[in-house]
Amino acid sequence: MQVVFESRDGAASPWRATAERRLRFVLRRLGWLVPLARIRMDDVNGPRGGVDKRCQVELRTAGLGPVVVTAVSRHWRDALDRALARAARSLLRHWRRARRHG
């Protein structure tokens with residue numbers, strides 16, 4: 001699985017290794033379905049603070065279509081973990097649906 005990390009915010013750059021490691025851990029059993037994963041981390045309203053850390057996870061799947069989820073939180077780690085959890089649930093749901101109807 002190829003992992004692409006994107007961020008325009010300098011504060012999110014140190015999260016690159018953590019994001020890739022967490023993604024591989026969360027998708028350890030379904031990783032064979034995902035040839036490409038893209039993680040985008042942005043600070044929505046800049047230095048003003050608040051609930052503004054956004055993490056978007058896009059999974060390009062083999063035959064199931066793309067899975068894109070977004071999570072917003074006050075902290076980078078929370079946004080990352082929520083987005084990855086939602087992406088894993090959504091990927092599993094897509095796979096089960098395709099298997100049932102396929």
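1. Contact here means heavy atoms within 4.5 Å. Leaving aside neighbours within four places in sequence, Leu-91 is in contact with Leu-27, Leu-30, Leu-33, Val-34, Leu-59, Thr-61, Leu-64 and Val-67.

2. The model is predicted: local features need pLDDT of at least 70, side-chain atom pairs count only at pLDDT 80 or more, and totals for chains, interfaces and linings use all residues. Residues are numbered from 1 along each chain as its sequence is written, and side-chain values use heavy atoms, with hydrogens and water left out.

3. The largest nonpolar core (buried Ala, Val, Leu, Ile, Met, Phe, Trp, Tyr and Cys residues joined through side-chain atoms within 4.5 Å) has 26 residues. Leu-91 is among the members that touch the most others, along with Leu-23, Ile-39, Met-41, Cys-55, Val-57 and Leu-59. Two or more residues each come from strands E1 (2–6), E2 (36–43), E3 (53–60) and E4 (67–73), and from helices H1 (16–26) and H2 (76–101). H2 gives the most, with eight. Helices (H or I, at least four residues) and strands (E, at least two) are DSSP runs, numbered from the N terminus.

4. There is one aromatic pair. Trp-32 and Trp-95 meet edge-to-face, 6.4 Å centre to centre with 90° between the planes. Trp-32 lies in the loop between H1 and E2 and Trp-95 in helix H2, so the pair ties together parts 63 residues apart in sequence. Pairing takes ring centres within 6.5 Å, using the six-membered ring of Trp; planes under 30 degrees apart are stacked, over 60 edge-to-face, the rest tilted.

5. Trp-32 is exposed, at 58% relative accessible area. Trp-95 is partly exposed, at 21%. Buried means under 20%, exposed over 50%, partly exposed in between (1.4 Å probe, protein chains only).
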